[in-house]
Every structure is written in structure tokens, then in C-alpha cells.
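Colleague: I have the file open and a few minutes to spare. Can we go through it together?
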Amino acid sequence: MQRRLFGHTGLEVPALGFGAMQVGDPRLPEAAAARILNHALDLGLALVDTARSYGVSEERIGRHLAHRRDEFVLSTKLGYGVDGITDWTFDCVVAGVDTARERLRTDVLDVVHLHSCGLDLLEEGEVARALGYCAEAGKLRVAAYSGDGAAARYAIMSGQFGAVQASLNLCDQQGWRLLREAHACGLGTIAKRPLGGQPWRTATPPEDAVHAEYWHRYAALRPALGFDTDDWEALALRFVASAPGVDCVIVGGTDPGHLERNAAAVAAGPLPPARVESIRAAYKNVGAKWQGRV
């Protein structure tokens, strides 16, 4: 797997990382969680991204990967959900960092994101200061923000963060410019939701509101593309992984074979420039009304 510098943070990340949300589902057998986490590292997906809200994901990463801690960049997201402490406060962020270190069985977290808090909270500055405090205390290496739109743009320009995570996929390309701007400012960049819920797989929209939005967008976008493919997943991953300003794109899952196919797709390299331009043009033609809806 190709390795890339993570902005000016001093870290190096793979072009494809592993998103550990599904690993946090308690219905997934423990042995299956251990298998997929270790298989991700074996494939070179040496960035593992989780969050406080991802069920038992942090605990499982700590349980099954602590012995391989020096092999991967560890990323988590927080700011909420600490018993007895108000969400999105200085104390909640600090307590969240400490709890994550315990769950993940590590002294130092590599990248810690504020998990999609609003612009108003970023402007108040308390939660960003909390991450800075933890970084000065040696509890984390890179303070980061995960989110989209105006809040993400504020985080990039504020000078308070070393990395940003934002959505980018065929059906949501507002992150194209945002991640490029972040990269130009020296921030490390992670592209999330690269498959957009895989809208090509279902004949009807899913129940989840965000994925339903992507499904409807895909239905409108596909006729405008001017081409077809028998592997939308590979095309979507290659489109995002080679977008200007993207250091790492993350995908999840619990099927080792699926993970292998994703790794092979990214390893195949960028899409031809003409194909990228046709995707961008189709999105601009049919997607002007979509901006800011997801």
C-alpha cells in the first residue's frame, strides 16, 4: 500500500486506511473482530480510525491490536458521551481523551478529532483548547476536526488543528475543494464516506437519511456520467484516493475478502484524468442544488 506524508504532522499514512465503525457492533463475534482488524494491518491499511460512539470499537482495537501499536496510526473522534460531564466542554474533551487512551490501551493517541461539532462550538474555542491542552500534556500527537461544510472550513483556517477528516465520494464532492485547501495549509487529510453507502447495490433507497440522500443523488448522477462500469466500488475508491489533497481514504467492513478487493482497487492507482473530469463535470451539472444537504 502506498504511503503518504500526513500534512506537516510528521506522521506517514497509507493511501487506504481502515474505518472501525462496524467492528464496534457488539453483535459481531469477538473472533471476527480480531480477524478483520489484524487482516487490515496485514494488508497495509496502517491507519485505523474509530470514535467514542462506535460501540465497542475502541475496546476491541485495544484488545486485539495493542501488541501491534507501532505498526499503525491510531485515529479516534470524541467530544461527547462521558458520564457526568456535559457534552462539548473542555472537561468532556479531556476526559474523552483519557478514556480513549484506556480503551485503546495506548499512552499516546496519534490523531484525535472533534467529532462533527458545530461551527458555534468551534468559534467558542473551548473544545479546541482542550485538544491543545492534551497535546501539550503528551496525550495526543495531532489535534483534528472531523466534519463538513462551514465548520470544517473554519477548522482548517483557524490554525488550531493539524488534520481534518471530511466526506468525499461520487455523490458528495463538496469535500474536493475543502480537502485540497486543508492540504495546502499543511494539514493532514482523511477522506471519509468514500463509497457513500454503495447506492449502486440497492433498488430502493435505504432507511438511513444520509445514505438515502446519496441513493437519490446516484440515481440522478449516473445518467449524466456518460459511461458505465461493472465495478462502481473500485471506481469510487480510486476517484477519492487520488483526489488532490487527500492523504488517506478510510473504508470499513467485516469481510476480509471485501477488504482485499478495496486494497487492490486503491493499489491500482488513479483513474485516468479524462474519467475524473467526466465525474466532476457530471456532478457540477446535476449537483448544484445538493450543496450542504449532507
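Colleague: Is serine 116 buried, exposed or partly exposed?
Modeller: Before anything else, this is a predicted model. In it, serine 116 has a relative accessible area of 41%, so it counts as partly exposed.

Colleague: Where does serine 116 lie?
Modeller: In the loop between β6 (109–115) and α4 (119–124). Its phi is near 60 degrees, which is a positive value in a residue other than glycine.

Colleague: Which loop holds tryptophan 88?
Modeller: The loop between β5 (73–78) and α3. Tryptophan 88 also has a phi near 60 degrees, again positive in a residue that is not glycine.

Colleague: And is tryptophan 88 buried or exposed?
Modeller: Tryptophan 88 has 18% relative accessibility, and the cut-off for buried is under 20%, so it counts as buried.

Colleague: Change of topic. How many salt bridges are there in the whole structure?
Modeller: The search finds 17. One of them joins the side chains of arginine 3 and glutamate 12, at 3.2 Å from N to O.

Colleague: How exposed is arginine 3?
Modeller: Arginine 3 is partly exposed, at 38% relative accessible area. Its partner glutamate 12 is partly exposed too, at 39%.

Colleague: What does lysine 139 form a salt bridge with?
Modeller: With aspartate 98, and the closest N and O atoms are 3.0 Å apart. Lysine 139 sits in the loop between α5 (126–136) and β7 (140–146), while aspartate 98 is in helix α3 (residues 90–104), so the bridge ties together parts 41 residues apart in sequence.

Colleague: Is lysine 139 buried or exposed?
Modeller: Lysine 139 counts as buried, at 17% relative accessibility. Aspartate 98 has 24%, and buried means under 20%, so aspartate 98 is put down as partly exposed.

Colleague: What about arginine 153, which side chain does it meet in a salt bridge?
Modeller: The side chain of glutamate 181, at 3.0 Å from N to O. This pair links distant parts of the chain, with arginine 153 in helix α6 (residues 149–158) and glutamate 181 in helix α7 (residues 175–184), 28 residues apart. Arginine 153 is partly exposed at 31%, and glutamate 181 is partly exposed at 21%.

Colleague: Which residues do salt bridges with shared partners join into one network?
Modeller: Glu30, Arg60 and Arg63.

Colleague: On to the inside. How many residues are in the largest nonpolar core?
Modeller: The largest nonpolar core has 85 residues. The members that touch the most others are Phe18, Leu114, Leu131, Tyr145, Phe161 and Leu170.

Colleague: Which element gives the largest share of this core?
Modeller: α9, with seven residues. Helix α9 (residues 232–241) is mostly covered, since nine of its 10 residues are buried. The buried ones include Trp232, Leu235, Leu237, Phe239 and Val240, and Glu233 is also among them.

Colleague: Why would nonpolar side chains be buried together?
Modeller: That is a general tendency of soluble globular proteins.

Colleague: Back to tyrosine 145. What does it touch?
Modeller: Leaving out residues up to four places away in sequence, tyrosine 145 touches a list of residues that includes Leu114, Phe161, Ala151, Ala152 and Val164. Ser116, the loop residue from the start of our chat, is also on that list.

Colleague: What does the second core include?
Modeller: That separate core has 12 residues, including Leu47, Val142, Ile190 and Ile250.

Colleague: Now pockets. What volume does the largest pocket have?
Modeller: About 760 Å³. There are 31 residues in its lining, and the closest to the centre are Met21, Gln22, Arg193, His211 and Gly252.

Colleague: Which elements give two or more residues to that lining?
Modeller: α8 (209–225), β10 (248–251) and α10 (256–267).

Colleague: How many of the lining residues are polar?
Modeller: 15 are polar, with eight nonpolar and eight charged.

Colleague: Last one. Which helix holds histidine 258, and what is it in contact with?
Modeller: Histidine 258 lies in helix α10. Neighbours within four places in sequence aside, histidine 258 is in contact with Gln198 and Glu233. Histidine 258 counts as buried, at 15% relative accessibility, and Glu233 is one of the buried residues of α9.

Terms used. Residues are numbered from 1 along each chain as its sequence is written. This is a predicted model: local features need pLDDT of at least 70, side-chain atom pairs count only at pLDDT 80 or more; totals for chains, interfaces and linings use all residues. Side-chain values use heavy atoms; hydrogens and water are left out. On a 1 Å grid over the protein atoms alone, a cavity is a set of points where a 1.4 Å probe fits but cannot get out, and a pocket is an open set with protein on both sides within 12 Å along at least five of seven lines; lining residues have an atom within 4 Å of a point. Grid points are joined across faces, edges and corners, and a volume is the space filled by probe spheres set on the points. Helices (H or I, at least four residues) and strands (E, at least two) are DSSP runs, numbered from the N terminus. Ala, Val, Leu, Ile, Met, Phe, Trp, Tyr, Cys and Pro count as nonpolar, Asp, Glu, Lys and Arg as charged, and the others, Gly among them, as polar. A salt bridge is a side-chain nitrogen of Lys or Arg within 4 Å of a carboxyl oxygen of Asp or Glu. Buried means under 20% relative accessible area, exposed over 50%, partly exposed in between (1.4 Å probe, protein chains only). A nonpolar core is a set of buried Ala, Val, Leu, Ile, Met, Phe, Trp, Tyr and Cys residues joined through side-chain atoms within 4.5 Å. Contact means heavy atoms within 4.5 Å.
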